[in-house]
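Me: I'd like to get to know this protein by asking about it bit by bit. Can you walk me through the reasoning each time?

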Amino acid sequence: MSSFSGAQKNILASSGAFFLLFFGALAFFLWEGRARINCLIFFPESAQEGLTGEPRRIHRQDSPERNVELLVREMMLGPMDIRHTNVFPQGTRLRSVFVRDAAAYLDFSPEILFPDNQIRLSFEELMAAIRRTVLFNFRELSGVVVTVNGQLPGTPSFQAAWASNERSE
């Protein structure tokens with residue numbers, strides 16, 4: 001003799017399937033949430049002065065360098081919101097990223113120095129947008145150092161300084 005009727009078996013099977021599906025979806029949601037980082041990328045808004053944030057989700061990487069690199073590359077792709085304008089000049093490449101002693105070191109190609117007519121930021125404003133984006137999203141960092149072809153912008157190049165020292169000797 002069965003202790004469950006046919007209707008009770010259907011309810012039990014339906015409940016079991018529901019809970020199995022619910023907990024499976026919950027586990028996937030929690031696992032997928034840990035694999036992504038919610039970020040805010042700052043872009044200039046065409047209608048007003050200053051920078052405004054645009055939310056993005058990036059995949060968590062295995063190192064701080066890769067996380068910062070992915071964030072900056074996402075920034076280089078440009079805004080998704082049509083009210084925002086791009087920060088980087090066309091053709092700019094991110095050459096390398098290092099994170100040491102709570103500072104991120106970003107090296108860009110020389111194209112970053114030559115804004116096209118679509119970029120309305122000065123070089124200093126562009127650097128401020130990069131710093132703000134990186135420091136806002138990675139609170140464990142305390143500084144961002146930006147170089148172009150391995151040189152700090154606005155400082156004499158190593159080759160020029162070396163050549164002048166050679167001539168003086």
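Me: Let's start with D101. Is D101 buried or exposed?
Reply: Keep in mind that this is a predicted model. The cut-off for exposed is over 50% relative accessible area. D101 comes out at 78% relative accessibility, so D101 counts as exposed.

Me: And which strands sit on either side of D101 in the sequence?
Reply: D101 is found in a loop, and its phi is near 50°, a positive value in a residue other than glycine. That's worth a second look, because most residues other than glycine have a negative phi. As for the loop holding D101, the strands it runs between are β3 (94–100) and β4 (103–108).

Me: N149 has a positive phi as well. How does N149 count in terms of exposure?
Reply: N149 lies in the loop between β5 (143–148) and α4 (158–168), and its phi is near 55°. Buried needs under 20% and exposed needs over 50%, with partly exposed in between. N149 has 44% relative accessibility, so it counts as partly exposed.

Me: Okay, zooming out. What pattern do the helices and strands follow along the sequence?
Reply: There are four helices and five strands to place. Read along the sequence, they give the pattern α-β-β-α-β-β-α-β-α.

Me: How do strands β1 and β2 pair, and over how many bridges?
Reply: β1 covers residues 36–44 and β2 covers residues 51–59. They form a hairpin with six residues between them, and G50 in the turn has a positive phi of about 90°. One of the bridges links R36 to its partner H59 in β2. The pairing of β1 and β2 is antiparallel, over nine bridges.

Me: Now the inside. Is V72 buried or exposed, and which residues does V72 contact?
Reply: V72 lies in helix α2 (residues 64–77). Its relative accessibility is 1%, and buried means under 20%, so V72 counts as buried. Leaving aside neighbours within four places in sequence, V72 is in contact with L94, L106, F108 and V134.

Me: How far apart are the C-alpha atoms of V72 and L94?
Reply: L94 is one of the contacts of V72. Along the chain the two are 22 residues apart. In space, the C-alpha atoms of V72 and L94 are separated by 8.0 Å.

Me: What does T133 touch?
Reply: T133 lies in helix α3 (residues 123–137). With a relative accessible area of 1%, it falls under the 20% cut-off, so T133 is buried. Not counting residues up to four places away in sequence, T133 touches L40, I41, F42, L71 and M75.

Me: What share of the whole protein counts as buried?
Reply: V72 and T133 are two buried residues we've already met. The protein has 169 residues, and the share of them that counts as buried is 31%.

Me: Last one: how many residues lining the largest cavity are nonpolar, polar and charged?
Reply: The structure holds one cavity of 30 Å³ or more, and about 30 Å³ of space lies in the largest cavity. Its lining is made up of P89, I112, P115, I119, L121, S122, F123 and L126. Sorted by type, that lining has seven nonpolar, one polar and no charged residues.

Conventions:
Residues are numbered from 1 along each chain as its sequence is written. This is a predicted model: local features need pLDDT of at least 70, side-chain atom pairs count only at pLDDT 80 or more; totals for chains, interfaces and linings use all residues. Side-chain values use heavy atoms; hydrogens and water are left out. Helices (H or I, at least four residues) and strands (E, at least two) are DSSP runs, numbered from the N terminus. Buried means under 20% relative accessible area, exposed over 50%, partly exposed in between (1.4 Å probe, protein chains only). Contact means heavy atoms within 4.5 Å. On a 1 Å grid over the protein atoms alone, a cavity is a set of points where a 1.4 Å probe fits but cannot get out, and a pocket is an open set with protein on both sides within 12 Å along at least five of seven lines; lining residues have an atom within 4 Å of a point. Grid points are joined across faces, edges and corners, and a volume is the space filled by probe spheres set on the points. Ala, Val, Leu, Ile, Met, Phe, Trp, Tyr, Cys and Pro count as nonpolar, Asp, Glu, Lys and Arg as charged, and the others, Gly among them, as polar. Two strands pair if DSSP finds at least two bridges between them.
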